[in-house]
Amino acid sequence: MRKGGSAMKFQLPDGMLLGVSTAATQIEGGDTDSSWNDWYRQGKIHDGTDPALGNDHWQRWRADTELLAQMGIECYRFGVEWSRLLPQPGRPDEAAIAQYRQELALLREKGIRPLLTIHHFSNPMWFERKGAFEKTENLSDYLDLVRLIVERFGDLVSDYITINEPNVYATNGYCFGEWPPGRRSYRLTFRVLSNLACCHIRAYELIHSMRRDMGYDDTKVGFANHVRVFDPKNPKNPWHRLCARLAEWCFQGAINEAMSCGRFRLPLRNTGGCRPGEYSDFTGVNYYTRSTVTGLADGVRENSPRNDLGWEIYPDGLLRCTEKLLRVLPRPIWVTENGTCDRDDRFRARYICDHLRAISRSGLPFERYYHWCFCDNFEWVEGNSAKFGLVSIDPATRERTVKQSGEFYTAVIRAHGVTEEAYRTYVEPERYDVR
């Protein structure tokens, strides 16, 4: 029984924190001359959404922080915008730094533990024009950003993600050409991945060194890798099995080994002279879906539950992916992103419940769960058409409204699990689309 409440459907692991995630480019607004502002100006956003509008979080951060507290959020993963902090190389914007400090201080005052993401897909255009992460010599620019962040925010933040989803950044930007800078080259894709792995390792060492010199011994540094299950459509078909293994290794296996342990294996190269070691204090897991493989193209299992983007909903995949990551480097598990595109909030509560239920019965060392995401936002090339948030944003007034799934998540946080009452109210009426 939950103290003072209804019977439990299931309880979450003791001490596990429940939070939400956002990314600066997706919620802040403002034309900061970033790669995504430029991508919009090129007409590359599917629904024509201007990221400069965003959710106006840069102006409304106090109210948004109050809303996080009202929802009971225990930990909050958020990012800083590189192009806002450093509009020109070596010339930090002191007003932007001051505002980020105020936001961090208010989060701490409200009892919400911040997890700061340093790089989340967005580059300043001055960095893009230099070749960004295509060139090993540009890694020093990223490390300058890391140094600035720890110097200015290190007294307020102990937990850091160096790079978000390096595999998604490299694949969409350099293989498929659908994200900035719009290149299509396997050679460049794997060079960028190799350089990003070296960036993480150098940043891991730098953050620990700087905060240790500042007198702190509670530093936690990791990265957020996008992982998915790659299953052959026909397990008896050798070609399907081979393609599934190859896709998994090239998309997530190789980069995870490089960033976690400094082991660079083909198709990656050790471009920065990094040494083998242990370079993550937690296992960061961004998990959404499963791919069903018949060849080199991505596929979705027939007659499966799907979200509005056509991604399969497969909660057990969270455990399958996490178990593999733990075999590379055993660490506490932080689910740094997990959520679903559900424009009308028809099945999000069920999605959350099913993934948390998988966590509750896993016996794995889950320490944190960050739902993606806090509010509907600029969802990269999809624009505002893809809805992942627990909170809706009125496009005209920017008014925030907590959705039914947000109410459910608050109930989960309060009970540290799912009660029978919450299940009956929010989850039981919902059904997935199967197609």
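How do the residues of the lining of the largest pocket divide into nonpolar, polar and charged? In this predicted model, the split is 25 nonpolar, 13 polar and nine charged. That pocket has a volume of about 1400 Å³. Its lining takes in 47 residues, and Thr171, Asn172, Phe176, Arg228 and Phe251 sit nearest the centre. Several elements chip in at least two lining residues each: helices α8 (166–175), α9 (186–213) and α10, plus strands β6 (220–232) and β7 (283–293).

Now for the second largest pocket, which holds about 240 Å³ of space. Here 13 residues make up the lining, with Glu248, Gln252, Gly253, Lys324 and Val328 closest to the centre. Two elements, α10 and α11 (316–328), give two or more residues to this lining. The largest share is from α10, with seven residues.

Here are the two pockets side by side:

| Pocket | Volume | Lining residues | Lining by class |
|---|---|---|---|
| Largest | about 1400 Å³ | 47 residues | 25 nonpolar, 13 polar, nine charged |
| Second largest | about 240 Å³ | 13 residues | five nonpolar, three polar, five charged |

Helix α10 turns up in the lining of the largest pocket and in that of the second largest, and there's a surface feature to mention too. Trp239, Leu242, Leu246 and Leu296 make a nonpolar surface patch of about 460 Å². One of these, Leu246, belongs to α10, which spans residues 238–261. So is Leu246 buried, exposed or in between, and why? Leu246 counts as partly exposed because its relative accessibility is 45%, and that class lies between the cut-offs of 20% and 50%.

Methods:
Residues are numbered from 1 along each chain as its sequence is written. This is a predicted model: local features need pLDDT of at least 70, side-chain atom pairs count only at pLDDT 80 or more; totals for chains, interfaces and linings use all residues. Side-chain values use heavy atoms; hydrogens and water are left out. Patches are made of residues with over 30% relative accessible area and no salt bridge: like charges are joined within 9 Å, nonpolar side chains (Val, Leu, Ile, Met, Phe, Trp, Tyr) within 5 Å. Accessible areas come from the Shrake-Rupley method with a 1.4 Å probe; for residues, only the protein chains shown count as cover. A salt bridge is a side-chain nitrogen of Lys or Arg within 4 Å of a carboxyl oxygen of Asp or Glu. Helices (H or I, at least four residues) and strands (E, at least two) are DSSP runs, numbered from the N terminus. Buried means under 20% relative accessible area, exposed over 50%, partly exposed in between (1.4 Å probe, protein chains only). On a 1 Å grid over the protein atoms alone, a cavity is a set of points where a 1.4 Å probe fits but cannot get out, and a pocket is an open set with protein on both sides within 12 Å along at least five of seven lines; lining residues have an atom within 4 Å of a point. Grid points are joined across faces, edges and corners, and a volume is the space filled by probe spheres set on the points. Ala, Val, Leu, Ile, Met, Phe, Trp, Tyr, Cys and Pro count as nonpolar, Asp, Glu, Lys and Arg as charged, and the others, Gly among them, as polar.
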